[in-house]
Amino acid sequence: MNELNTLRSAVEGRVWLPGDPGFDHVRRPWNLAVEQPAAAVVEAADADDVAALVRYARANGLGIATQPSGHGATGRTEGTVLLRTARLDAVEIDPAARRARIGAGVPSGRLQAAAAPLGLTGLPGSSPVVSVTGVALGGGLSWFGRAHGWVADSVTAFDVVDAGGRRRHVTAGTDPDLFWALRGGGGDFAIVTALELALHPAPSLYGGRMLWTAGHAPEVMDAYRQITAAAPDELTVWLDLLHFPGADPMVAVDSTYLGDAERARELLAPLDRLPRPLSDSRRTMAVSELGTITAEPTDPGPGLSRAELLTGLDDTAAKTLLAEPIAPLLSVQVRNLGGAFARPSDSPHGPLTEPYALYLFGIPSDPATAHAITARQRALAEALPVSGRKPFTFLNPEETAADAFAPAALDRLRRIKQEHDPHNTFRSNVPVAG
């Protein structure tokens, strides 16, 4: 592309063009099942470099797709410059104010490591390698969301580069519409270079995983439903049906409790009355160790996912989940929501009134397996009490923003997109235009 001939001289960061050594490696997303084309890849040196890239893109009629690490990619990047922001990695914490300012490339694990010695926590998800900014732009489901709501609810300010290539500091006071859109509406409106967010007290944390053979799944499910029906907001419990390649099917319960171990064990007592587990990693831990609970991969790999929100988990739904082996799926995860998730939220998605989230995942080793995975996901979703909405952060490449947002919220997002980026310079993983 002729318009890319001068890109290397326009920015200070590293540039890869088609044909360059390593180009195919750096353009790939985290999910290797997603093919991600790109006209070029830029690793920005700093926020000023991002602004220079935006001005260059506007002058040359190019789009920009921003990814710190490639999580959540959908492959909708044809003809765009793929922007990597991993070098925007500053972390500053004000412990007295319980506030952090972090660069757009900071992964959740780094924020947690900085906050933990101060008795504070962000709102981390299950993986420590996902960027905080990427999670916040998608709304963000966290281990501690039942106590503190969406990750986006804790964001107090964004540093952005707008479609004109200008650096701006965005708050609810300076630009309420843009601030609202960025707190869960995706990356369609501006490029975030840093964000400020409230931290939360975490003087003590108890958590871990209990694992049984799949033969105990009905008893584990009953205990899970009993615990989640009465769980305080500080307790989060996930149930996982697992079938790893070459291993027997298993069932796991993952939990965290923002409080002391004695109270956590009381709340989780129904699990201790079950048959002896294969393993039990529950213990008092630092908030920086949360990634060890599910031990998700920290390197890219292929995957096919589907998420749903469940309106309940009654006897019929529980029996449906356990009626057949989950294969060819690798995992079926049920997360309890409620608590602060269900309370008012000034974010595009709004409150999560559904009590449970369902996440279905498989590894497509070949086309036949991929087809079988999606068929199994569809059959499960059709047999369960789903609400029809999905968390924006969990959308897969086949889904659109209309699957996450109510019509009025989506209309508002589209108006904000038109106002702030009328030339569609910014290309979100899931564009609000559909």
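Analyst: A quick definition first: a cavity is a set of grid points where a 1.4 Å probe fits but cannot get out. Keep in mind that this is a predicted model.

User: OK, what volume does the largest cavity have?

Analyst: There are two cavities of 30 Å³ or more to pick from. The second largest holds about 30 Å³ of space. For the largest cavity, the volume comes out at about 60 Å³.

User: Which helix supplies at least two residues of the lining of that largest cavity?

Analyst: The lining includes Gly145, Arg146, Thr236, Trp238, Arg335 and Asn336. Strand E13 (235–242) and strand E18 (331–336) each give at least two lining residues. The helix that does likewise, spanning 145–148, is H6.

User: And by class, how many charged residues does the lining of the second largest cavity have?

Analyst: Gly138, Gly139, Trp150, Arg183, Gly184, Ser347, His349 and Phe392 line the second largest cavity. Asp, Glu, Lys and Arg count as charged. Two of the lining residues are nonpolar and five are polar, and the charged count is one.

User: Switching to the sheet: which strands stand at the edges?

Analyst: The sheet is open, with five antiparallel strands in the order E5-E6-E10-E8-E9. An edge strand has a single partner, so one side of it is left without a neighbour in the sheet. That description fits E5 (91–94) and E9 (167–170).

User: What is the bridge partner of Glu92 in E6?

Analyst: E5 and strand E6 (residues 99–103) run antiparallel, joined by four bridges. Within E6, Glu92 is matched with Arg101.

User: Now salt bridges. Is Arg27 buried or exposed?

Analyst: Its side chain meets that of Asp24 in a salt bridge, 3.0 Å from N to O. Asp24 is exposed at 52% relative accessible area. The cut-off for buried is under 20%. Arg27 has 15%, so it is buried.

User: Why are Arg263 and Glu266 separated by about one helical turn?

Analyst: These two side chains form a salt bridge at 3.1 Å, N to O. Arg263 is partly exposed at 36%, and Glu266 is partly exposed too, at 45%. They are about one helical turn apart because their spacing in helix H9 (residues 261–267) is three residues.

User: How far apart are the closest N and O atoms of Glu289 and Arg283?

Analyst: Glu289 is partly exposed, with a relative accessible area of 27%. Arg283 counts as partly exposed at 34%. The two form a salt bridge, and the closest N and O atoms are apart by 3.3 Å.

Conventions. Residues are numbered from 1 along each chain as its sequence is written. This is a predicted model: local features need pLDDT of at least 70, side-chain atom pairs count only at pLDDT 80 or more; totals for chains, interfaces and linings use all residues. Side-chain values use heavy atoms; hydrogens and water are left out. On a 1 Å grid over the protein atoms alone, a cavity is a set of points where a 1.4 Å probe fits but cannot get out, and a pocket is an open set with protein on both sides within 12 Å along at least five of seven lines; lining residues have an atom within 4 Å of a point. Grid points are joined across faces, edges and corners, and a volume is the space filled by probe spheres set on the points. Two strands pair if DSSP finds at least two bridges between them. A salt bridge is a side-chain nitrogen of Lys or Arg within 4 Å of a carboxyl oxygen of Asp or Glu. Buried means under 20% relative accessible area, exposed over 50%, partly exposed in between (1.4 Å probe, protein chains only).
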